[in-house]
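Reader: I would like to learn how to read strands and sheets in a model. Please take me through some cases.

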Amino acid sequence: MSKGTVLLLMSGGVDSSVAGALLLEQGYDVVGVTMMQLRSVDPSGEEGGCCSQKDIRDAKHAAETLGIPHCSIDTAKNFHENVIVPFIRSYENGLTPNPCVHCNSFVRFEEAFGLALEWDYQFAATGHYARIEQDETGAPRLYRANYREKDQSYFLYGIPKHLLQKILFPLGDKKKEEVRAIASHLGLVTADKPESQDICFTLGRPYTEFLAERIPSQEGPILDQKGTVLGTHRGVIHYTVGQRRGLGLSGGPFYVCAIDPKRNTVIVGKWEELGKRIVNTFDSRWIHEPQTGDEVLGQIRSRHVPALGIITRIQEGGFTLEFNEPQYGVAPGQALVVSKGDEILGGGTIQPYLETRN
């Protein structure tokens, strides 16, 4: 007897392919869906993007091997409006956004559940490395993957709580080597496919090149913390908080500490000036909201080791986290993800320092 019907998002990579195999093994009925999120041609002549024509072909071949139906859906318009445009607007405002967080937490799963509802499917699933478990009341809770080297829970903090009840992450207890071994054993075309490390919609180009075609950029002053001019920058879109290389300054090393797009300035300092203990956020979302005064873990980047801090403010749309120790390279526009142990509680977007205190 089937455990239920599942709409599986297949990116054309090994993870989602193996997720499909595991779901079948667990007794679910599965249909694979690939979302064509971008239609462009990359320098090699291959139509690219997320997901590209090659990715769609790979997903289709993997689905055929697994014996499940597969289809592709054109979601390029929604992706452009809700991922690419906010990415560009963020840089215009001096932020350093993470489009993968925005896509996964705020766009992709809502699209998937729209399709699942329309097609009368009970669950949606992906190849993300994360875990969902039910608490004693039956409420869903999001946890880090068992193996931290592949954990992707940082990108998922914004998934609405009501959707978590219907999401399956079959790879939450797997190592990457196990996943590739399963794919190889099954003869999946994706078994040895390398992982993409780039922002999908820049098609392999530096993101600054992508932005330069869309945002006017001009030289401006590089200032120290006291406002002294130390040099000239190439345009604020070329810099991010924590950056050390490419500043061209003597007397360093210096690090980018803040960006002020209104004054077209880059503010730098020494390593000790880069540290931040108090971090404000906006656009917050909670799966399980903490209380003011709670001790939690804060994660400022996907590869950052979560650090202890205290929630000092929670209000609609934002919160403040005071870390026990200074954190370095806290970039406005990135996500600050809050957890207790391995449980992801939620998070928000880091606010510019020019509007906060240290």
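Reader: Which strands does helix α2 lie across, and at what angle does it run to β5?

Author: This is a predicted model. The angle is taken between N-to-C directions, on a scale from 0 to 180 degrees. Helix α2, residues 53-66, lies across β2 and β5 and runs at about 155 degrees to β5.

Reader: How many bridges join β2 to β5, and do the two run parallel or antiparallel?

Author: Two strands count as paired if there are at least two bridges between them. Strand β2, residues 29-36, is joined to β5 by five bridges, and the two run parallel. For one position to look up, take Met 36, whose bridge partner in β5 is Asp 74.

Reader: What is the strand order of the sheet that holds them?

Author: The order is β5-β2-β1-β6-β9, an open sheet of five strands with parallel pairing. Its edge strands are β5 (70-74) and β9 (167-168), each of which pairs on one side only.

Reader: Which strands form the sheet with mixed pairing, and in what order?

Author: That open sheet has four strands, ordered β11-β10-β13-β12. On average, neighbouring strands in this sheet are turned by 30 degrees against each other, with direction ignored.

Reader: Why is one side of β11 and of β12 left without a neighbour in the sheet?

Author: Both β11 (229-233) and β12 (255-260) stand at the edges and have a single partner strand each, so one side of each has no neighbour in the sheet. For β11, look at strand β10, residues 220-223: four bridges join β10 to β11, and they run antiparallel. Gly 220 is opposite His 233 in β11.

Reader: Is strand β18 mostly covered or uncovered?

Author: A residue is called buried if its relative accessible area is under 20%. Strand β18, residues 335-340, is mostly covered, with five of its six residues buried.

Reader: Which way does β15 run against β18, and how many bridges join them?

Author: Strand β15, residues 295-299, runs antiparallel to β18, and three bridges join them. Here Gly 298 has Val 338 of β18 as its bridge partner.

Reader: In which sense do β18 and β19 pair?

Author: β18 and strand β19, residues 343-350, pair in the antiparallel sense over six bridges. Leu 336 has Gly 348 of β19 as its bridge partner.

Reader: What should I look for in the hairpin of β18 and β19?

Author: Look at the turn. There are two residues between the strands, and Gly 341 takes a positive phi near 60 degrees.

How values were computed. Residues numbered from 1 in each chain as written. Predicted model: local features only at pLDDT ≥ 70, side-chain atom pairs only at ≥ 80, totals over all residues. Heavy atoms only, no water. Contact = heavy atoms within 4.5 Å. Buried < 20%, exposed > 50% of the residue type's maximum accessible area, 1.4 Å probe, protein only.
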